[in-house]
Amino acid sequence: YEMNWLAYYGHPHYWCCDRLWGIDHYLAVRDTQAADRSRVEDPEKTHLRSASEVKGYKIAARDGHIGHVEDYVIEDTAWLIRYLVVDTRDWLPGKEVLLAPVWIDSVNWAHRSVFTTRTRDEIEHSPEYRPDQPVNLAYEARLYDYYGRPVT
């Protein structure tokens, strides 16, 4: 619907270019051919989903499931999803941890699963996220260091 509306008014597709809204800080279509294919009315081929729909999706690590999407951390200045809050308490004992969208490999809408190349052990032992404490630069540096990634 959105593509038809934009075409009717002659507006460009805002997702037309990779990294237009930042470097991979969102779960979205990454190529224009996929966006063009989304004109098909089949809901399983639609590339846009409500963030509330993804809550509860299973987190599929490289070596098995490790919890579910509990919530999101949103950057309020740019309105970007900075992190998925993963509840690992499906595997007692557990905790909440963060995964950056750049660490997400894919999403399977039909199976309600979010796939990452990280292992269950990596996710389980990553720095704990506590909603009552701010996600500040020190926490992000510790998180990215844990995963061996440069802070973006």
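This report walks through a predicted model of one protein chain, from its overall layout down to two single residues.

## The chain as a whole

Let's start with the big picture. The chain contains five helices and six strands. If you follow the sequence from start to end, these elements come in the pattern α-α-α-β-β-β-β-β-β-α-α.

Of the 152 residues in the chain, 35% are buried. The accessible surface adds up to about 9400 Å², and carbon and sulfur atoms account for 53% of that surface. Contacts across the sequence are worth a look too: among those with a separation of 6 or more, 47% join residues that are 24 or more positions apart.

## The sheet

How are the six strands arranged? They form an open sheet in the order 4-3-2-1-6-5, with mixed pairing. Strand 4 (96–99) and strand 5 (104–108) are the edge strands; each has a single partner strand, so one side of each has no neighbour in the sheet. On average, neighbouring strands of the sheet are turned by 35° against each other, if direction is ignored. As a bit of background, the strands of a sheet pair through backbone hydrogen bonds, and this pairing can be parallel or antiparallel.

You can look at one pair in detail. Strand 3 (residues 80–87) pairs with strand 4 in the antiparallel sense, over four bridges. In this pair, Leu84 has Leu99 of strand 4 as its bridge partner. Helix 5 (residues 137–146) packs on the sheet, where it touches strand 3 and strand 4. The direction of helix 5 makes about 65° with that of strand 3.

## The nonpolar core

In soluble globular proteins, nonpolar side chains tend to be buried together. Here, the largest nonpolar core has 25 residues. Which residues have the most contacts inside this core? They are Ile59, Val69, Leu98, Leu99, Val114 and Ile123. Strand 1 (58–61), strand 2 (64–75), strand 3, strand 4 and helix 5 each supply at least two residues of the core.

Val114 makes a good example to explore. Leaving aside neighbours within four places in sequence, Val114 is in contact with several residues, including Val54, Tyr57, Ile59, Val69, Leu84, Ile104 and Val107. Its contacts also include Lys58, Ala60 and Ser106.

## Asp87 in strand 3

Now zoom in on Asp87, which lies in strand 3. Is Asp87 buried or exposed? Its relative accessibility is 7%, which is under the 20% limit, so Asp87 counts as buried.

The side chain of Asp87 reaches the backbone nitrogen of Arg89 at 2.8 Å. If residues up to four places away in sequence are not counted, Asp87 touches Ile66, Gly67, His68, Glu70, Lys95 and Glu96.

## Asn108 in strand 5

Our last stop is Asn108, a residue of strand 5. Asn108 has a relative accessibility of 24%; because this value falls between 20% and 50%, the residue counts as partly exposed.

Which backbone nitrogens does the side chain of Asn108 reach? One belongs to Ala110, at 3.1 Å, and another belongs to His111, at 2.8 Å. Not counting residues up to four places away in sequence, Asn108 touches Tyr57, Ser113 and Phe115. Tyr57 is 51 residues from Asn108 in sequence, and the two are 9.2 Å apart in space, C-alpha to C-alpha.

Methods: Residues are numbered from 1 along each chain as its sequence is written. This is a predicted model: local features need pLDDT of at least 70, side-chain atom pairs count only at pLDDT 80 or more; totals for chains, interfaces and linings use all residues. Side-chain values use heavy atoms; hydrogens and water are left out. Two strands pair if DSSP finds at least two bridges between them. Axes are lines fitted to C-alpha atoms, for helices over the stretch in contact, and angles run from 0 to 180 degrees between N-to-C directions. Contact means heavy atoms within 4.5 Å. Buried means under 20% relative accessible area, exposed over 50%, partly exposed in between (1.4 Å probe, protein chains only). A polar contact is a pair of N or O atoms within 3.5 Å; within protein, one must be able to donate a hydrogen and the other to accept it, and residues adjacent in sequence count only if both atoms are side-chain atoms. Accessible areas come from the Shrake-Rupley method with a 1.4 Å probe; for residues, only the protein chains shown count as cover. A nonpolar core is a set of buried Ala, Val, Leu, Ile, Met, Phe, Trp, Tyr and Cys residues joined through side-chain atoms within 4.5 Å.
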